Amino acid sequence: LDIMLALDISTSMLAADEKSVRRLDQAKAFIASLLDELEGDRIGLLYFAEASFVVCPLTSDTVTLREFLAAITAETLTHSGTRIRNAIEIAMDRLISDQKQPAIASGLDGQKVLILFTDGEDHGEAAVEAAQTATQKGVHIYCVGVGSPTRSVPIPLLGDVGAEVTPYKRDANGQLVLTTLDETRLQEIAKAGNGGYYPAAAGVTELATDLARLEKQKFRIRADGDYQERFQWFVVGALILLVCEVLHFTLWSRKPRR
């Protein structure tokens with residue numbers, strides 16, 4: 001598989017839904033566990049909020065990828081707003097452009113996969129349409145929802161979660177800004193992307209199983225491909241040898257004996 005991991009780094013990922021665990025940390029722990037299941041695949045890492053950028057191109061070197069993942073912390077999150085469509089388009093372009101490289105243009109390229117790790121809050125538009133376009137170009141999209149779909153929580157500003165006094169994000173009118181996991185949105189994107197939706201709290205088992213099934217599907221398609229008959233060349237060669245043998249025997253039998 002060629003997998004691009006897209007991690008939401010908007011400030012809503014600073015929210016802690018349960019037990020003072022930030023969404024960002026929950027997503028990073030999920031990714032770390034998933035990497036253990038993806039041995040042999042090429043994996044890249046993309047961050048997205050208002051803008052999207054690839055921080056680690058597709059690679060089999062998961063050690064380097066884990067270093068990039070560890071570098072993103074709560075203290076580095078300064079991006080407000082989220083545009084999932086942009087993340088899909090950037091990831092799709094990278095997955096498809098890498099497919100055209102000579103090293104993997106021989107038909108040995110794997111299935112193209114994008115996995116979004118996000119709370120689903122989207123301030124952009126047309127994410128579902130972008131997922132449909134990606135599917136048409138051979139990219140499967142899976143979504144991992146981070147947070148609680150039933151509980152709205154405030155977004156802490158930089159500082160320790162669970163501190164005695166925690167400042168929270170407020171709007172222009174001074175009202176507390178609350179955030180909730182938008183499962184419906186992510187399920188729509190995953191459906192349009194010919195993939196699946198998985199709550200981060202449920203662990204990596206189901207997603208890893210589905211990715212393994214997708215990888216096997218690629219091999220099955222190749223194994224069940226159209227075959228062209230080539231036996232005729234061997235038949236012709238065998239006939240020529242047979243005729244030569246008959247002629248040789250005939251000439252040898254007619255040769256005068258002393």
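In helix H4, which spans residues 127-136, the buried residues are Ala127, Val128, Ala130, Ala131 and Ala134. They all sit on the same side of H4, because the arc they cover around the axis is only 160°. Right behind the helix comes Gly138, with a positive phi near 90°. All of this is read from a predicted model.

Helix H5 (residues 183-192) can be described in much the same way. Its buried residues are Leu186, Ile189, Ala190 and Ala192. Looking down the axis of H5, these residues fall within an arc of 165°, so they line one face of the helix. Here too a positive phi turns up just after the helix, this time at Asn194, with a value of about 55°.

Stepping back to the whole protein chain, there are seven helices and ten strands. Of the 258 residues, 41% are buried. Among contacts with a separation of 6 or more, 80% are between residues 24 or more positions apart.

Six of the strands make up an open sheet with mixed pairing, in the order S5-S4-S1-S6-S7-S10. S5 and S10 (197-199) are the edge strands, each pairing on one side only. From one strand to the next, the twist averages 20°. Helix H1 (residues 23-37) packs on this sheet, where it touches S1, S4, S6, S7 and S10. The direction of H1 makes about 165° with that of S1.

Strand S1 (2-8) is a good place to look at the sheet up close. Seven of its seven residues are buried, and that goes for both faces: Asp2, Met4, Ala6 and Asp8 lie on one side, with Ile3, Leu5 and Leu7 on the other. S1 runs parallel to S4, joined to it by seven bridges, and it also pairs in the parallel sense with S6, over six bridges. Asp2 takes part in both pairings: its bridge partner in S4 is Arg42, while in S6 it stands opposite Lys112. Further along the sheet, S7 (residues 139-145) pairs with S10 in the parallel sense over three bridges. Cys143 stands opposite Tyr197 in S10.

At the other edge of the sheet, Ser52 belongs to strand S5 (residues 52-59). Ser52 counts as buried because its relative accessible area is 12%, below the 20% cut-off. Its side chain makes a polar contact of 2.8 Å with the side chain of Asn86. The side chain of Ser52 also reaches the backbone nitrogen of Ala87, at 3.3 Å. Neighbours within four places in sequence aside, Ser52 is in contact with Leu46, Tyr47, Arg83, Asn86, Ala87 and Ile90.

As for confidence, the protein chain has a mean pLDDT of 83, and 82% of its residues reach 70 or more. Two stretches stay under 50. One is residues 102-108, for which the model has eight contacts beyond four places in sequence. The other is residues 219-224, with three such contacts. Where pLDDT is low, the predicted coordinates should not be read in detail.

Methods: Residues numbered from 1 in each chain as written. Heavy atoms only, no water. Buried < 20%, exposed > 50% of the residue type's maximum accessible area, 1.4 Å probe, protein only. Helix = DSSP H or I, 4+ residues; strand = E, 2+ residues; numbered from the N terminus. Arc of directions from axis to C-beta. Polar contact = N/O pair within 3.5 Å; in protein donor to acceptor, adjacent residues only side chain to side chain. Contact = heavy atoms within 4.5 Å. Pairing = 2+ DSSP bridges. Axes fitted to C-alpha atoms, helices over the stretch in contact; angles between N-to-C directions. pLDDT = per-residue confidence, 0-100.
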